[in-house]
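This report looks at how two chains are arranged and where they touch. Please have the model open while reading.

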Protein chains: 2
Amino acid sequence: MRVETLAIVGVGLLGGSIALAARRRRAAARVVGVDASRAALDHALGRALVDAVAGLPEAAAAADFVVVCTPVDCIASQILAAAPACNPGCLLTDVGSTKAEIVRAVEGCLPPGVAYVGSHPLAGSEKHGPEHADAALFERRQVIVTPTPRTDPTSLDRVSSFWEALGATVRVMDPEEHDRALALTSHLPHLVASALAAVLPPELAPLTATGFRDTTRLAASSPALWSAILQANRAAVLEALARYGERLADFRAALEANDRAALEALLARGKQVKDSLADR
Amino acid sequence: MRVETLAIVGVGLLGGSIALAARRRRAAARVVGVDASRAALDHALGRALVDAVAGLPEAAAAADFVVVCTPVDCIASQILAAAPACNPGCLLTDVGSTKAEIVRAVEGCLPPGVAYVGSHPLAGSEKHGPEHADAALFERRQVIVTPTPRTDPTSLDRVSSFWEALGATVRVMDPEEHDRALALTSHLPHLVASALAAVLPPELAPLTATGFRDTTRLAASSPALWSAILQANRAAVLEALARYGERLADFRAALEANDRAALEALLARGKQVKDSLADR
């Protein structure tokens, strides 16, 4: 079941990539872009990421499928703002890096016939803006879709089919389970990278090599976007941070004790996990 | 002044790359390899990384330039084992990731006419073994050379010229200053990456994406090599770890206080440092 009119709310890196992929792969007959930034809309039109641009209610009224791609702290309010304009049968989703708070805010608040299912594509970049839009961004990537017991199976199927049409594979998870998992696999790494970058005195910058660069790559991400993500998932991020702190304390104890065997065992544990990821 | 006979002690990733680069760039007329591993020597001969292989005293007796490329906890003893066999005028260096402990152990213990100056190429990989040897490994990379007040200027010039002949740029630093700097730019990132990899439960491995992969790249490094490096630089690594721990504590406090502005300011500080590295 192809989408007729796809509305993309927030035409940045992710929104622009969804628009481009949907057009290239003919997953939608028509794509309408919505953005608070006139420059982003001009870019989206100029690069033919979208067929047209519109305000939120107009786009929602015209669409049978809406993807909200704004920062996580704006997503719920934009879904709730779009929904009253939607026609029955319209399905909304989003690409937020956290899910539980958004799902809680939206569920039970939509007009009859209008549905919402949360999504989170495990794709992206420390870059942002529609100029980095990439039609291949979702190919062979996972998209986590987070239904609840109240989600109807048809909506779940439609959302899953949409992402599959963009080349992604879909994994279904409970919203809270998603947030606990992503705290460890994504949110903690951002925090770790940022804290590591911040301890570098400027005069040592010329002595950094590829190791420092790669370990801190995520520190280049947008502070506005990521402070919202960390805040939206603060309980799970605090728990992940506590687990990480225990590992660092193990390293500290081994160093203080000058215990070579303990250091090697700790590094071997990290290597074992890392090597297990190699073929994925 | 070209090297006549270059002896490489430890023909792994770094030793093999030095051998290959020296031959390709004609920085040495002849290269002799020394290694405890027969397989490594066979590989080095088979791939023509070296002209010949020999035991440590024979190679030292034949060489006018010796580079010790073994794990940091073996370097000082191998320099001290090689030196008595060296002819006057022979110069020894190494590629260890820590410098102060090695320099202290060697200085004042060499026969007359035999000199040592420490080196540390900021090049390498989480891979190891001569099969990854790369003649271009040092091109446009920095090599830190660590003389002391007792180092004679001619030896410092010879070591610097050798690395420059392999395509590297040379930076001169005091050994203790080197170790404090590298604790932050290299040793702490290894520890951070390893601790992060270790907190990932196996069932979440399928949910990792490029962010987790890059942040933990260094966790694939050899636990044996890196436990020796961390141990050899434990005071400076503990200090770096303490500074990093303070940054993490700032994040924890901001999350506990649900303080969006504080989170954003912390992330902005990391981004500022990271962005300053972008053009290097």
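The sections below cover the model, its symmetry, the chain contact and the domains of one chain.

## The model

This is a predicted model, in which local features need pLDDT of at least 70, side-chain atom pairs count only at pLDDT 80 or more, and totals for chains, interfaces and linings use all residues. Residues are numbered from 1 along each chain as its sequence is written, while chains are lettered from A and ligands numbered from 1 in the order in which they are written.

## Symmetry

A turn of 180° with a shift of 0.0 Å along the axis lays chain B on chain A with an RMSD of 0.0 Å (a least-squares superposition on the C-alpha atoms of residues with pLDDT of at least 70 in both copies). The two copies are thus related as by a two-fold rotation axis. In chain B, the residue closest to the rotation axis is Thr215(B), with its C-alpha at 2.1 Å.

## The contact between the chains

Chain B gives 70 residues to the contact and chain A gives 71 (residues are in contact if their C-beta atoms, placed from the backbone, lie within 7 Å). Of the interface residues of chain B, 100% are also interface residues in chain A, so the copies meet through the same surface.

## Domains of chain A

Chain A is divided into domain 1 (3-173) and domain 2 (177-277), with bounds from an automatic or database domain assignment. Their centres, taken over C-alpha atoms, are 31 Å apart. Domain 1 of chain A puts 14 residues into the contact between them, and domain 2 of chain A puts in 16.

Note on methods
Two residues are in contact if their C-beta atoms, placed from the backbone, lie within 7 Å.
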